[in-house]
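Here's a quick briefing to read with the model open on your screen. Take a look at the fold before going through the points.

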Amino acid sequence: MKKLMAVLQGHSVNPPPLWLMRQAGRYLPEYRAIREKAPNFIQFCLTPDMAVPVTLQPIHRFDFDAAIIFADILLIPHALGQRVEFLKGEGPQLTPLDANPQHWRLAYDDKKIMPVFESLLAVRQQLSPEKTLIGFAGAPFTVACYMVDGHSKNKFEKTMQWAQHQPHVLDDLLNMLADVTALYLIAQLKNGADVVQLFESWAGLLAHDAAAFERFVIKPTQKIVSIVRHHKPDAAIIGFPRLAHERLEDFVAQTGVNAVGLSSDVPSLVVEKLCGKFPLQGWLPPEVLVQGGQALQDNVNHILDTMRGKPHIFNLGHGITPETPIEHVQQLVKQVREFS
Ligand code: CP3
């Protein structure tokens with residue numbers, strides 16, 4: 001039995017299964033070596049000869065319990081026909097949508113992202129059976145933030161304007177994104193993914209407003225979960241509504257996800273209240289992994305003690321950063337594996 005899948009079914013596993021968000025990335029020299037050869041980031045994701053080895057690198061180095069397919073949440077706008085570019089040191093740039101849906105001319109063409117499914121099948125073949133393969137997508141609101149604003153430099157001002165003054169336009173976009181994201185996740189599950197994670201990285205932008213959170217975060221996610229489960233009734237889904245701890249409980253209750261990712265801002269009191277109610281993943285601040293030493297040891301112990309006997313997947317509260325020393329990741333893995 002895969003340890004991570006057992007946790008998603010509500011079992012407590014000791015020591016907990018472990019993986020790290022963005023585990024394939026620039027902190028690894030073997031990643032940078034392949035990255036250098038790619039013509040651009042989208043082609044990197046869409047070339048199985050690069051995406052497959054990069055997906056497996058962190059498993060070979062650290063023996064994590066799960067591999068996450070090397071791809072990006074912005075492959076969906078790419079498959080919809082929007083221009084997506086990653087400029088060095090600049091982050092992603094898209095041609096922003098205007099507020100008239102008739103101008104959008106977006107049409108989902110899964111042929112544009114077929115290599116992701118090919119990579120999933122190849123990774124599954126090379127991964128040992130006790131390891132979990134995680135597929136993923138961006139949740140609709142987060143993907144919409146990039147599609148509407150075109151970049152992340154202004155806290156998604158334009159998307160937030162739509163939420164406030166043109167909510168029906170945003171509803172249209174989120175509905176369409178929920179439909180195509182469900183298709184994308186179903187295809188990932190059919191091509192070797194054991195579980196899928198929905199990254200709602202910008203959920204925190206709406207966390208102060210219960211009605212907006214429900215309309216733009218919960219509803220589209222609920223729609224995805226219901227379409228995916230209609231086709232695959234036992235599909236395992238992890239939600240990650242980042243920086244929205246006030247709404248975590250509602251999020252799980254209303255969307256029906258199996259488990260939820262904790263960003264590092266979630267207060268201990270909230271975690272103590274939630275653990276045991278449903279499986280939890282994450283919580284370790286990425287900065288503490290950069291820091292290492294006693295701070296890392298204390299933080300890891302605190303997390304392991306808080307979650308003891310409860311269904312928990314060890315992970316960070318957000319993606320690992322490029323400056324993270326590899327020895328700190330080794331220290332983390334050793335400490336988690338020695339926990340009893
Ligand atoms: O976790 C993994 O190892 C799987 C791969 C993965 C990537 N992006 C690869 C990537 C996953 C799960 C993502 C998710 C993703 N992508 C999110 C949600 C999670 C989060 O971080 O909030 C978001 C918002 C994106 C969009 C995105 N992609 C941004 C903003 C950037 C630029 C920022 C940066 O770190 O450079 C990317 C690029 C990107 N996606 C990289 C990687 C490894 C770095 C690209 C490089 O090597 O130059």
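Two strands count as paired if DSSP finds at least two bridges between them, and in that sense L262 has G282 in β8 as its bridge partner. Keep in mind that this is a predicted model. The chain holds 15 helices and nine strands. Its radius of gyration is 19 Å, close to the 20 Å that the globule rule gives for 340 residues, so the chain is as compact as a globular protein of that length.

**Overall build**

- Measuring stick in hand, you'd find that the C-alpha trace spans about 60 × 45 × 40 Å along its principal axes.
- Of the 340 residues, 57% count as buried.
- Take the contacts between residues at least 6 apart in sequence: 73% of these join residues at least 24 apart.

**Surface and charge**

- The accessible surface adds up to about 14000 Å², and carbon and sulfur atoms account for 51% of that.
- There are 32 positive and 34 negative charges in the chain, and their mean positions sit 2 Å apart.

**The seven-stranded sheet**

- Seven strands make an open sheet with parallel pairing, in the order β1-β4-β5-β6-β7-β8-β9.
- At the edges you'll find β1 (66-68) and β9 (312-313); each has a single partner strand, so one side of each is left without a neighbour in the sheet.
- Further into that order come β7 and β8. Strand β7 covers residues 259-262 and strand β8 covers residues 280-282, and three bridges join the two in parallel.
- The L262 and G282 pairing mentioned at the start is a handy place to look for this pair of strands.

**The hairpin**

- Strands β2 (residues 84-87) and β3 (residues 91-94) pair in the antiparallel sense, with four bridges between them.
- To line the two strands up on screen, pick E85, which stands opposite Q93 in β3.
- Three residues lie between β2 and β3 in this hairpin, and G89 in the turn has a positive phi of about 70°.

**A spot to check: Q125**

- Q125 belongs to helix α6, which runs over residues 114-126.
- Is Q125 buried or exposed? Exposed means over 50% relative accessible area, and Q125 comes in at 72%, so it counts as exposed.
- The C-alpha atoms of Q125 and G192 are separated by 8.7 Å, although the two residues are 67 residues apart along the chain.

Technical notes: Residues numbered from 1 in each chain as written. Predicted model: local features only at pLDDT ≥ 70, side-chain atom pairs only at ≥ 80, totals over all residues. Heavy atoms only, no water. Rg over C-alpha atoms; globule rule 2.2 N^0.38 Å. Buried < 20%, exposed > 50% of the residue type's maximum accessible area, 1.4 Å probe, protein only. Contact = heavy atoms within 4.5 Å. Areas by Shrake-Rupley, 256 points an atom, 1.4 Å probe, with all protein chains shown as cover. Lys, Arg positive; Asp, Glu negative; His and termini not counted. Charge placed at Lys NZ, Arg CZ, Asp CG, Glu CD.
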